[in-house]
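Please study the sequence and the three-dimensional structure shown here. Then work through the exercises in order and compare each attempt with the solution beneath it.

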Amino acid sequence: RCEALLRNLLGELHRTSRYYSVDCVRDEILAPALTAVVDRRAVTSEEARALAIAVQKPEFQAQDLECVWQDRFLRSRSIRKMLDAGLILAQKDGGRKYTLNLGALGVQFY
């Protein structure tokens, strides 16, 4: 019995160990979740591009989104809009470093 239990546990560990890889989580969980948000038209194409950057760079700043919004004022407004919509989160109140809000993408970890 104990041997069977340990064998099953080992199998589960092998099955889930790939999720320890950041690349695997990005490719198999975050990217499909972002695609689903885009397919639902829940974000603009520019926001989708910004969120794709957030998937690749877990902590980002406004300057990281310059390739999406070249105009500084528009970039600032767009970041505020994404914050208000809950798509991204500020690392700290009033901070200028942001992370992707996984809950907004429908990613849930149990």
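The following exercises treat a predicted model, and each is followed by a worked solution.

**Exercise 1. Overall build**

State how many helices and strands the protein has, give the order of its elements, and decide whether it is spread out or a compact globule.

*Solution.*
Step 1. The protein contains four helices and three strands.
Step 2. Read from the N terminus, the elements follow the order α-α-α-β-α-β-β. The radius of gyration is 18 Å, whereas the globule rule gives 13 Å for 110 residues; the value is well over the rule, so the protein is more spread out than a compact globule.
Step 3. The C-alpha trace spans about 65 × 30 × 20 Å along its principal axes.
Step 4. Of the 110 residues, 31% are buried. Among the contacts between residues at least 6 apart in sequence, 42% join residues at least 24 apart.

**Exercise 2. The sheet**

Determine the strand order of the sheet and identify which strands stand at its edges.

*Solution.*
Step 1. The three strands form an open sheet in the order β1-β3-β2, and the pairing is antiparallel. β1 (60-61) and β2 (88-90) are the edge strands: each has a single partner strand, so one side of each is left without a neighbour in the sheet.
Step 2. Consider the pairing of β1 with β3 (residues 97-100): two bridges join these antiparallel strands. Within this pairing, Q61 has K97 of β3 as its bridge partner.
Step 3. Consider next β2 and β3, which are antiparallel and joined by three bridges. Here I88 is opposite L100 of β3.
Step 4. β2 and β3 make up a hairpin with six residues between them, and G94 in the turn has a positive phi of about 75 degrees.
Step 5. Helix α4 (residues 72-84) lies across β2 and β3, and its direction makes an angle of about 100 degrees with β2.

**Exercise 3. The surroundings of E47**

Locate E47, classify it as buried or exposed, and list which residues it touches beyond four places away in sequence.

*Solution.*
Step 1. E47 belongs to helix α3.
Step 2. Its relative accessible area is 6%; buried means under 20%, so E47 is buried.
Step 3. Leaving aside residues up to four places away in sequence, E47 touches W69, K81 and M82.
Step 4. A polar atom of the E47 side chain lies 2.9 Å from the backbone nitrogen of T44.

**Exercise 4. The backbone at R41**

State where R41 lies, what is notable about the sign of its phi, and whether the residue is buried or exposed.

*Solution.*
Step 1. R41 is found in the loop between α2 (22-39) and α3 (45-56).
Step 2. The phi of R41 is near 60 degrees, which is a positive value in a residue other than glycine.
Step 3. The relative accessible area of R41 is 74%; exposed means over 50%, so R41 is exposed.

**Exercise 5. Cysteines**

How many disulfides does the structure hold, and how accessible are C2 and C67?

*Solution.*
Step 1. Recall that a disulfide is a covalent bond between the sulfur atoms of two cysteines.
Step 2. The structure holds zero disulfides.
Step 3. C2 has a relative accessible area of 61% and is therefore exposed. C67, at 46% relative accessibility, is classed as partly exposed.

Technical notes: Residues numbered from 1 in each chain as written. Predicted model: local features only at pLDDT ≥ 70, side-chain atom pairs only at ≥ 80, totals over all residues. Heavy atoms only, no water. Disulfide = S-S within 2.5 Å. Buried < 20%, exposed > 50% of the residue type's maximum accessible area, 1.4 Å probe, protein only. Pairing = 2+ DSSP bridges. Contact = heavy atoms within 4.5 Å. Axes fitted to C-alpha atoms, helices over the stretch in contact; angles between N-to-C directions. Polar contact = N/O pair within 3.5 Å; in protein donor to acceptor, adjacent residues only side chain to side chain. Rg over C-alpha atoms; globule rule 2.2 N^0.38 Å.
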